[in-house]
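Good morning, and thank you for joining. I would like to take you through one model, beginning with its overall fold and ending with a few individual residues.

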Amino acid sequence: MSESGTHPPDGSQSGGQELNCEESLARVYEYLDGELDTGEHDAVRLHLEKCRRCYPHFDFERLFLDYVHELGSEQEARPGLKDRVLEMLEAETR
Ligand SMILES: [Zn+2]
C-alpha cells in the first residue's frame, strides 16, 4: 500500500514499549546522544536490532553523527570517514 515506513501492527506483541519505525527513527538522534531515559533507549535499541528496514537508517545516522562529532572535536575529519558519509549520502538520495 503506502511506503510510509510504518509496520501494520501484527498484534502478536503485548506489553512493554514497542516502537514502530517512525517512532524509532524520530528518536534516533536522542538515542545516539544518550538523551533518552532507560526505557526508551532500550525500546529504540530493540527495534533497531530486529528491524531490517530501520537499521540502514540508523547506521547512516550514526555514521553521520560520528562525522559531525569529528568535525566538532578536531579541525580535520578523518578522510575515510568523510568518504563513507558522502558515499552513503549519495546512495541515500538515489
Ligand atoms: Zn523499523
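I shall go from the chain as a whole to one helix, then to the core and to selected positions.

Please keep in mind that this is a predicted model. The mean pLDDT of the protein chain is 77, with 71% of its residues reaching 70 or more. Among the elements, helix 3 has the highest mean pLDDT, at 92, while helix 5, covering residues 79-93, has the lowest, at 74.

As for the fold, the protein chain contains five helices and zero strands. In sequence order the pattern is therefore simply written α-α-α-α-α, helices being counted from the N terminus. The chain has 94 residues, of which 10% count as buried. If we take the contacts with a separation of 6 or more, residues 24 or more positions apart account for 39% of them.

Let us turn to helix 3. This helix runs over residues 38-50, which is 13 residues, and it reaches 18 Å from its first C-alpha to its last, close to the 18 Å expected at 1.5 Å a residue. Which residues of helix 3 are buried? They are V44, H47 and L48. Viewed down the axis of helix 3, the buried residues fall within an arc of 95 degrees, so they line one face of the helix. As a general point, an α-helix has 3.6 residues a turn, so residues three or four places apart point the same way. On the other side of helix 3, the exposed residues are T38, G39, E49 and K50.

Within that helix, H47 deserves a separate word. Why does H47 count as buried? The reason is that H47 has 23 C-beta neighbours inside 10 Å, where 20 or more are required. Beyond its neighbours within four places in sequence, H47 is in contact with L19, S24 and C54. The C-alpha atoms of H47 and C21 are 7.7 Å apart, although these two residues are separated by 26 residues along the chain.

The other two buried residues of helix 3 bring us to the core. V44 and L48 belong to the largest nonpolar core, which has seven residues and also includes L19, L25, Y31, C54 and F58. In soluble globular proteins, nonpolar side chains tend to be buried together. For L48, again leaving aside neighbours within four places in sequence, the contacts are S24, C54, Y55 and F58.

Finally, I would draw your attention to two positions in helix 4, residues 55-73. L65 lies in this helix, and it counts as partly exposed because it has 15 C-beta neighbours inside 10 Å. L65 and L32 are 33 residues apart in sequence, and their C-alpha atoms are 8.1 Å apart in space. D66 also lies in helix 4. With 16 C-beta neighbours inside 10 Å, D66 likewise counts as partly exposed. Its C-alpha is separated by 9.6 Å from that of K82, a residue 16 positions away along the chain.

To close, I return to helix 3: its buried residues are V44, H47 and L48, and two of these names, V44 and L48, appear in the largest nonpolar core. Thank you; I would be glad to take questions.

Methods
Residues numbered from 1 in each chain as written. Predicted model: local features only at pLDDT ≥ 70, side-chain atom pairs only at ≥ 80, totals over all residues. Core = buried A, V, L, I, M, F, W, Y, C linked by C-beta atoms within 7 Å. Buried ≥ 20, exposed ≤ 12 C-beta atoms within 10 Å, placed from the backbone. Contact = placed C-beta atoms within 7 Å. Helix = DSSP H or I, 4+ residues; strand = E, 2+ residues; numbered from the N terminus. Expected span 1.5 Å × (residues − 1). Arc of directions from axis to C-beta. pLDDT = per-residue confidence, 0-100.
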